[in-house]
Every structure is written in C-alpha cells, then in structure tokens.
Amino acid sequence: LIGKNYTLLKQMHLLDIVSFSTSSENQCKVRGPSDSIEIESGAVLRFARILVRNYYVITLLFPPNLRFQFSPHDATRFPRFDPKLSPSQMFQFSYNANCSYYNTSYCHDVTRFFHKMVVQGNGIADLCHLPASVIEANLGDPIQLRPLFAAFIFCPIIFGISIRNIARPDIALSLAPLISANSDIRFIAFPFCQVENGAAMIAKAIENNPGNGVVYWDLSYNNLKDIGAFCSALSLTKAPVFYLNLDCSGLNEQATEILIRSISSNTKLWEIRYLSLRGA
C-alpha cells in the first residue's frame with residue numbers, strides 16, 4: 001500500500017455493538033444501536049476473530065445477556081477462547097475500554113488502586129487513596145470518573161464508593177449511572193467535595209432503580225442546588241436506609257419538608273438510625 005491512503009468510512013465502538021455475524025470467510029455484518037456495517041474482504045476471518053476476542057476480554061464482568069450476539073457461519077472457524085484472567089485484569093480491560101468509549105485517557109493508577117482493593121479484600125472504593133494529582137480537581141486535569149464507575153457496574157466485589165475533602169464537583173453526576181444500574185452498592189459518601197449539581201441525577205437513578213441497595217448516604221457539606229430532587233426520590237427507594245447525613249447540603253425549607261414527607265411515606269426509611277440535617 002505504498003503511496004495509498006485509507007479512508008475512514010465508519011466508526012463503531014466495541015461496547016456499542018448489538019450483534020455480529022459472519023456469512024462466509026469474506027463477509028461479515030456488525031450491527032449497532034441504530035445502524036449496521038457490512039464488510040466484504042479477504043481479511044474478514046482474521047478481523048472477526050480479533051473483534052470477538054477483544055470484545056470477550058472487555059466484557060468478562062458483563063452478564064451473558066448483555067453481551068452482543070455472535071452468529072458465525074462456521075463455528076469451527078472460531079476456536080474456543082477462554083483466558084484465565086484475574087479480577088484485576090478483568091477490571092483493567094473493562095476500565096480501558098470505557099476510557100476509549102468516553103474519549104478520555106487511561107490511568108494505570110486506577111488499575112493499581114483496584115488491585116490493592118482486591119489484595120486487601122476491601123469492598124469500599126475509597127477514592128482518597130488515589131494520588132492527589134489524579135483525583136483532585138484543584139490540582140490540574142484530574143481523571144474522568146465516569147469510565148471508572150462504568151467498570152464498577154458489573155464488578156461483584158464493589159459495595160461502596162467513598163471520597164472526602166477532595167474537590168470533585170462531578171462526583172454526583174458520575175455516580176448516577178452506577179446507582180441506576182447496580183443494586184449491590186450499599187454505601188455512598190462524598191462529603192466536602194464542592195459538589196453543586198448532580199443530586200437530581202442521583203434522584204433519577206433512584207427512580208430508575210428503586211431496588212437499589214444503598215442504605216448509607218452521606219452528601220454532607222456540599223451546596224447542592226438540586227437537593228430537593230434527591231429528598232423526593234427517597235420516597236421511592238426500597239433499600240432499608242439506616243444512615244442519612246445531609247448536613248449543610250443546601251436544604252432550604254421546601255427541600256426539608258420534602259425530605260420529612262419522604263421519610264413519613266416510605267416505611268423503608270422508618271428504621272433510620274442516624275439522621276443529621278445540620279444547616280437545614
């Protein structure tokens with residue numbers, strides 16, 4: 001191909017693929033959420049094997065029903081691929097894929113952080129243990145949290161997210177998809193993180209997943225402009241919440257009244273052991 005150029009015809013991320021099929025060794029079809037790509041080439045078989053292999057390693061944590069459907073023309077042309085990966089490797093491949101999906105840089109400090117959790121048998125992801133240069137928004141260009149939490153969605157060893165006294169105004173917005181899709185998370189705490197927006201997105205996540213498992217909420221010392229939406233969504237949660245700390249979180253009179261109404265109407269909140277509303 002000396003002197004020749006490739007032309008980009010179509011882009012589709014592996015995580016957007018809905019189904020993949022081969023009709024011969026020279027023809028295949030990739031279907032996404034809204035369109036599809038048909039390829040005819042002498043390299044189709046090699047391309048198909050690589051695509052299936054790469055997709056497999058980044059979705060090992062996914063439930064089988066959420067992986068794309070693969071329909072080969074001849075199953076014998078695709079030998080069984082079953083690598084023995086550690087939980088840390090599974091997370092690393094998933095996190096890396098989500099970094100490219102959300103168009104951000106991969107950070108190996110995040111993989112080291114997860115591996116340390118695995119070694120210690122710790123199910124609470126305390127983001128304060130990441131290097132300050134990586135996590136603190138006031139020190140430069142921090143990592144995006146969305147790819148990290150996307151990799152956590154199907155991770156069976158994560159039961160809580162904690163961050164404290166670190167400037168991450170985006171933490172609530174980043175947590176919302178995790179709360180919406182995961183019912184194993186029990187612990188959410190981000191006090192003193194300079195958050196102003198995102199409580200409404202967490203509220204939407206609770207509405208989308210009333211069966212969420214969060215029983216410990218600490219949103220304190222953030223001036224949340226949309227805290228009323230979170231207070232309202234608590235009326236829908238089915239988790240037996242025992243800890244709720246909304247100290248200095250922007251609770252005005254209206255939001256406080258909404259919160260008390262939610263507690264009054266939802267029997268799952270009647271067993272609260274710790275309720276703090278300083279500054280309401």
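**A first walk through the structure**

Okay, let's start with the whole protein: it has 280 residues, and 42% of them count as buried. Before I go on, please keep in mind that this is a predicted model.

So what is it built from? The secondary structure comes to nine helices and 10 strands. If you draw a box around the C-alpha atoms along the principal axes, you get roughly 70 × 40 × 35 Å. The accessible surface is about 14,700 Å², and carbon and sulfur atoms own 51% of that. On charges, we have 24 positive and 21 negative ones, and their mean positions sit 7 Å apart. One more number for the overall picture: take the contacts between residues at least 6 apart in sequence, and 72% of those join residues at least 24 apart.

Now let's go to the strands near the start of the numbering. Strand S1 covers residues 19-24 and strand S2 covers residues 27-31; the two run antiparallel, with five bridges joining them. Between S1 and S2 there are two residues, and the pair forms a hairpin. If you want to find the pairing on your screen, look for phenylalanine 20, which stands opposite valine 30 in S2. Serine 19 also has a bridge partner in S2, namely arginine 31.

S2 then pairs with strand S3, residues 36-40, again antiparallel and over five bridges. That's a hairpin too, here with four residues between the strands. Valine 30 shows up once more, standing opposite isoleucine 37 in S3.

Which residues of S2 are on its covered face, and which on its uncovered one? The covered face has Cys28 and Val30, while Gln27, Lys29 and Arg31 make up the uncovered face.

Back to S1 for a second. S1 pairs with strand S4, residues 69-71, in the parallel sense, over three bridges. Here phenylalanine 20 stands opposite phenylalanine 70.

Right, on to the inside. The largest nonpolar core has 59 residues, and the members that touch the most others are Leu127, Phe190, Trp217 and Phe230. Several helices give two or more residues to this core, including H2 (87-101), H3 (108-120), H8 (227-233) and H9 (253-265). Which helix gives the most? That's H6, with six residues. Apart from this core lies another one, of 12 residues, and Val44, Leu45, Ala48 and Phe68 are among them.

Let's zoom in on H6, which spans 171-181. Its buried residues are Ile171, Ala172, Ser174, Leu175, Ala176, Leu178 and Ile179. And what do they pack against? Two helices, H5 and H7, plus strands S6 (160-162), S7 (187-189) and S8 (216-218).

Last stop is phenylalanine 190. If we leave aside neighbours within four places in sequence, phenylalanine 190 is in contact with Ile171, Ala172 and Leu175, among others. Those three residues are also among the buried ones of H6. The list of contacts for phenylalanine 190 further includes Ile163, Val195 and Ile202, and also Asp218, Leu219, Ser220 and Asn222.

That's the tour. If you open the model later, try starting from two residues: phenylalanine 20, which faces valine 30 in S2 and phenylalanine 70 in S4, and Phe190, one of the residues touching the most other members of the largest core.

Key: Residues are numbered from 1 along each chain as its sequence is written. This is a predicted model: local features need pLDDT of at least 70, side-chain atom pairs count only at pLDDT 80 or more; totals for chains, interfaces and linings use all residues. Side-chain values use heavy atoms; hydrogens and water are left out. A nonpolar core is a set of buried Ala, Val, Leu, Ile, Met, Phe, Trp, Tyr and Cys residues joined through side-chain atoms within 4.5 Å. Buried means under 20% relative accessible area, exposed over 50%, partly exposed in between (1.4 Å probe, protein chains only). Contact means heavy atoms within 4.5 Å. Two strands pair if DSSP finds at least two bridges between them. Accessible areas come from the Shrake-Rupley method with a 1.4 Å probe; for residues, only the protein chains shown count as cover. Lys and Arg count as positive and Asp and Glu as negative; His and the chain ends are not counted. The place of a charge is taken as NZ of Lys, CZ of Arg, CG of Asp or CD of Glu.
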